[in-house]
Amino acid sequence: MDGPTGVVFPATGDGRRSTTALGRAVVADALRAVDPVGARSAEHETDWRHGYVSHFRRLVEAGLLSRDAALTIARDGLAALHARMRYLPAAGGEVALEEAFALPDGEPPLETATVTGAGPVERELSVPYRGQRLRGDDLRRRLDAWVDAGVIEPSCAEAVRAVQAEPDWLDLRDLRIVVLGAGAEMGPLPSVLRWGGDVVAVDLPRPEIWRRLLRTAHRHGGRLHLPVRPGAGGGEAALAAGAGADLLHRLPQAARWLDGLDGRLVLGNYVYADGATNVRVATAVDALTVHLGRRRPDTALAFLATPTDVYAVPAEAVAHAERGYAARGVARRSLRLLSGGRLLHRNYPPGADPGINDSLVPQQGPNYALAKRLQRWRAAVARDAGSTVSFTVAPPTRTRSVLRNRALAAAYAGAHRFGIEVFEPATSNTLMAALLVHDLRTGGGPAQDHPWRDEAYAAAHGGLWRVPYAPRSALGLAVLLGLGGARS
C-alpha cells in the first residue's frame, strides 16, 4: 500500500493528506463557540506554517473568559480532531478513528514479559544535579534556590517537599505506571524502577530501545513489564528483538494488550516524533486514552507539558518579571535602540493578572504545537470529568530531540544569559517523576477554579515565566550568544 497507514490525516478534496488543513480546522473549531472572530481568523490564515503562533495564543486568551470557556475550547478541539483523523489498516479500508479498536489486528495478540531488577530499592527522594545526587537538606536548598531565581513556581517546590516528607509515597507497587514512549529521555521509567515500582513499557519494536530499557531494569529494584510477540524469549537478546508495540500503525493490538493487564493503570504520555508524525502519534495516544478510559474508568492520566507554549501565569510571576525588567533599564534600552525596537520586549503588561506567557518557538512548527495542545485539552477535560490527572510543565531540557534543532540548541546554550536554566535530562525526569508521585498520592493535586490554574500548579518552566523579556524577543539574541559560546 502506498502512503502512510495506521492513524492518518484526513484526505482533502484533491486526495492529499494535509497537515495544514487539519491544524487550521481543529483550531478554528476549538474557538468557534467561544470566539467566532478568532475561529474565522484561523480558517483564513494563509500562512499557517508561520502564522499559527497567534492562533495558538488566542486559544489560551479566549479560554480565560471563564472555566466553561476553557473547557468548551478543549472539548471542541478534541472533538474536531477525532472527527477528522482516520485509521487506515495495512489491509482493508479507511475507518473513523474511534472504529479502529473494533478492527481485527491480523497478528497474534501480544504477550507480557516481566523483568525483575536485582538492584536496590530507594525510599528517599534524591535528584541528580550537576554531578551530585541531592537529597535531604541539599535538595531543599536547591528547591529554594530555584524558587528565588524564578526557575520553578513555589508550588513546585512545595509539591517536591511533600514527597520528601512522605517517603512511603514512592512505593508505587499499588499502581501500574504505563510509560507510553518508554525510551523517552523525559519519562519517569528510571525513577519508578529505582523506587521499586511496576512500569509497563510501551515503545516501538526496535531492539536498541529495549536493550537499553532492560539494562535500566536490571540496575534497579522494580519490575518492567513489556509487550512481546508470542514465543519471544530465550535470553535478553531474543527478548529485546521480540519486544515492542506500535501505537501508530498497530493501535488495536496495543490497546488490547494494555486492556488485558491487571491492576489500576496510570497512562503516562511521553511519546514524541518529528514533524507531522508527532500529530499522528499524539492522536493515537489520545484515542487510546479515550478507549481505555471507557473500559477502565479508574485509569489515571499523566502528561508532561512543554515549556515552549502559551500559558496563563499567576500575578506573582508577572511581578517577578517586572522587577527584573526595571532592574535592567540601561542595558535593555541600549539593546532595544540598537535593534530598532525588535529585541527585549517586556514579558507582561504591568499588573497583568493573569499574565500571558508566550514562549512558543516558531521553529518547532504548528504540528508540534498541536500535538502538545491536544494533551492539555485532554488533561483539562479528564480532570473535569473526575479522573486523576498529573499535568506538569517541564523545564527546558537538553534532550536529543532538542539538540537536533540547531537554532534551539544554540538558544539553549545562550539561555542562561537571560536567567533561564536549561536542565539535563536526568534532573528533569527525576524532578518530574517526583511531581507525578505527588499528584497520584493527592488525587491530582489541589482543586483549582480554572484550568489555567491547574496548568500553572507546580510548573517547572526553567524561568521562562519569570524572565523580564518576552521569550521570542530574546530568542535571536540567545541564539547568537549560544553560537558564540559554542565556537569559543
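## A quick tour of strands, helices and hidden spaces

Let's start with a pair of neighbours: strand 4 (residues 111–116) and strand 9 run antiparallel and are joined by 6 bridges. Keep in mind as you look around that this is a predicted model. From strand 9 we will move to a small sheet, then to some helices, and finally to the empty spaces inside the protein.

**Strand 9 and its partners**

- Within the pairing of strand 4 and strand 9, you can find Thr-112 standing opposite Pro-227, which belongs to strand 9.
- Strand 9 also pairs with strand 8 (residues 198–202), this time in the parallel sense and over 3 bridges.
- To locate that second pairing, look for Val-199, which stands opposite Leu-224 in strand 9.
- Strand 9 itself covers residues 223–228 and is mostly covered, with 5 of its 6 residues buried.
- As background, the strands of a sheet pair through backbone hydrogen bonds, and the pairing can be either parallel or antiparallel.

**A small open sheet**

- Another sheet is open and has 3 strands, in the order 1-2-3, with antiparallel pairing.
- Which strands are at the edges of this sheet? They are strand 1 (6–8) and strand 3 (95–96), each of which pairs on one side only.
- Strand 2 (residues 86–88) pairs with strand 3 in the antiparallel sense, over 2 bridges.
- A handy landmark here is Arg-86, which stands opposite Ala-96 in strand 3.

**Helix 6 and what covers it**

- Helix 6 (residues 154–165) is built from 12 residues and reaches 17 Å from its first C-alpha to its last. That is close to the 16 Å expected at 1.5 Å a residue.
- The buried residues of helix 6 include Ser-155, Cys-156, Ala-157 and Ala-159, and Val-160, Val-163 and Gln-164 are buried as well.
- What covers these buried residues? The cover includes strand 6 (132–135) and helix 5 (136–149), along with helix 17 and helix 18.

**Helix 14, an enclosed helix**

- Helix 14 has 20 residues and a reach of 29 Å from first C-alpha to last, close to the 28 Å expected at 1.5 Å a residue.
- Why is helix 14 described as largely enclosed by the rest of the structure? The reason is that 18 of its 20 residues are buried.
- After helix 14 comes Gly-386, whose phi is positive, near 100°.

**Asn-278, a buried residue**

- Asn-278 sits in helix 11 (residues 276–295).
- Is Asn-278 buried or exposed? Its relative accessibility is 3%, so Asn-278 counts as buried; the cut-off for buried is under 20%.
- Leaving aside residues up to four places away in sequence, Asn-278 touches Tyr-272, Ala-273, Tyr-368 and Ala-371.

**Cavities**

- How many cavities of 30 Å³ or more are there? The count comes to 5.
- The largest cavity holds about 270 Å³ of space. It is lined by 20 residues, and the closest to its centre are Ala-411, Ile-420, Leu-464, Pro-471 and Leu-475.
- Helix 16 (406–414) and helix 19 (471–487) each supply at least two residues of the lining of the largest cavity, and helix 19 gives the most, with 5 residues.
- By class, the lining of the largest cavity has 17 nonpolar, 2 polar and 1 charged residues.
- The second largest cavity holds about 220 Å³ of space. Of the 16 residues that line it, Leu-59, Val-60, Ala-70, Arg-376 and Glu-455 lie nearest its centre.
- Two or more residues of the lining of the second largest cavity come from each of helix 3 (48–63), helix 4 (67–84), helix 14 (365–384) and helix 18 (451–456).
- We met helix 14 above, and here helix 14 gives the most to the lining of the second largest cavity, with 4 residues.
- The lining of the second largest cavity divides into 11 nonpolar, 2 polar and 3 charged residues.

**The second largest pocket**

- The second largest pocket contains about 310 Å³ of space. Among its 20 lining residues, Glu-185, Pro-190, Arg-212, Thr-216 and Asn-429 are the closest to its centre.
- Helix 7 (189–194), helix 8 (207–219) and helix 17 (425–441) each supply at least two residues of the lining of the second largest pocket.
- By class, this pocket's lining has 7 nonpolar, 7 polar and 6 charged residues.

Terms used:
Residues are numbered from 1 along each chain as its sequence is written. This is a predicted model: local features need pLDDT of at least 70, side-chain atom pairs count only at pLDDT 80 or more; totals for chains, interfaces and linings use all residues. Side-chain values use heavy atoms; hydrogens and water are left out. On a 1 Å grid over the protein atoms alone, a cavity is a set of points where a 1.4 Å probe fits but cannot get out, and a pocket is an open set with protein on both sides within 12 Å along at least five of seven lines; lining residues have an atom within 4 Å of a point. Grid points are joined across faces, edges and corners, and a volume is the space filled by probe spheres set on the points. Ala, Val, Leu, Ile, Met, Phe, Trp, Tyr, Cys and Pro count as nonpolar, Asp, Glu, Lys and Arg as charged, and the others, Gly among them, as polar. Buried means under 20% relative accessible area, exposed over 50%, partly exposed in between (1.4 Å probe, protein chains only). Contact means heavy atoms within 4.5 Å. The expected span of a helix is 1.5 Å times one less than its number of residues. Two strands pair if DSSP finds at least two bridges between them.
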